[in-house]
Amino acid sequence: MWQLLELHSRLCANSHTCRVPLCRNFKERIKKQSKKDEIRWKMLVKKILTTKRITGAPFISSAMVSSLWQ
C-alpha cells in the first residue's frame with residue numbers, strides 16, 4: 001500500500017490540492033531519497049507511462065512527464 005501511495009505522489013501534478021492521503025508527505029520524502037532509490041522509482045514510473053501511451057489512455061499531462069526527469 002505504501003508503494004502505491006508513493007507511486008501516486010510521483011505521478012501527481014499538484015500534491016497541495018490532491019485528495020490522496022499522504023501525497024504531500026511522500027513528495028517531501030522523495031526529495032530526501034538516495035540516488036539508488038530515485039533511479040529505481042524513475043524506472044518504474046517510466047514503464048507505467050510507456051504502458052499508458054501504448055494503450056492510448058490519457059494519464060498525465062506532458063508537463064508532468066517532463067518534470068519527472070528533471
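## The Glu-6 and Arg-10 pair

Helix H1 spans residues 2-11 and holds both Glu-6 and Arg-10, which sit four residues apart, about one turn of the helix. In this predicted model, the two side chains form a salt bridge whose closest N and O atoms are 3.3 Å apart.

Glu-6 has a relative accessible area of 4% and is buried. Arg-10 is also buried, at 6%.

## A link from helix H1 to helix H2

Glu-6 also forms a salt bridge with Arg-29, with an N to O distance of 3.4 Å. This pair links distant parts of the chain, as Glu-6 belongs to helix H1 and Arg-29 to helix H2 (residues 23-31), with their positions 23 residues apart.

Arg-29 is partly exposed, with a relative accessibility of 44%, whereas its partner Glu-6 is buried.

## The Asp-37 and Arg-40 pair

In helix H3 (residues 35-55), Asp-37 and Arg-40 are three residues apart, so about one helical turn separates them. Their side chains meet in a salt bridge at 3.6 Å, N to O.

Both residues of this pair count as partly exposed: Asp-37 has a relative accessibility of 28%, and Arg-40 has a relative accessible area of 48%.

## Network and total

Glu-6, Arg-10, Arg-29 and Glu-38 are joined into one network by salt bridges that share partners. The structure holds four salt bridges, including Glu-6 with Arg-10, Glu-6 with Arg-29 and Asp-37 with Arg-40.

Terms used: Residues are numbered from 1 along each chain as its sequence is written. This is a predicted model: local features need pLDDT of at least 70, side-chain atom pairs count only at pLDDT 80 or more; totals for chains, interfaces and linings use all residues. Side-chain values use heavy atoms; hydrogens and water are left out. Helices (H or I, at least four residues) and strands (E, at least two) are DSSP runs, numbered from the N terminus. Buried means under 20% relative accessible area, exposed over 50%, partly exposed in between (1.4 Å probe, protein chains only).
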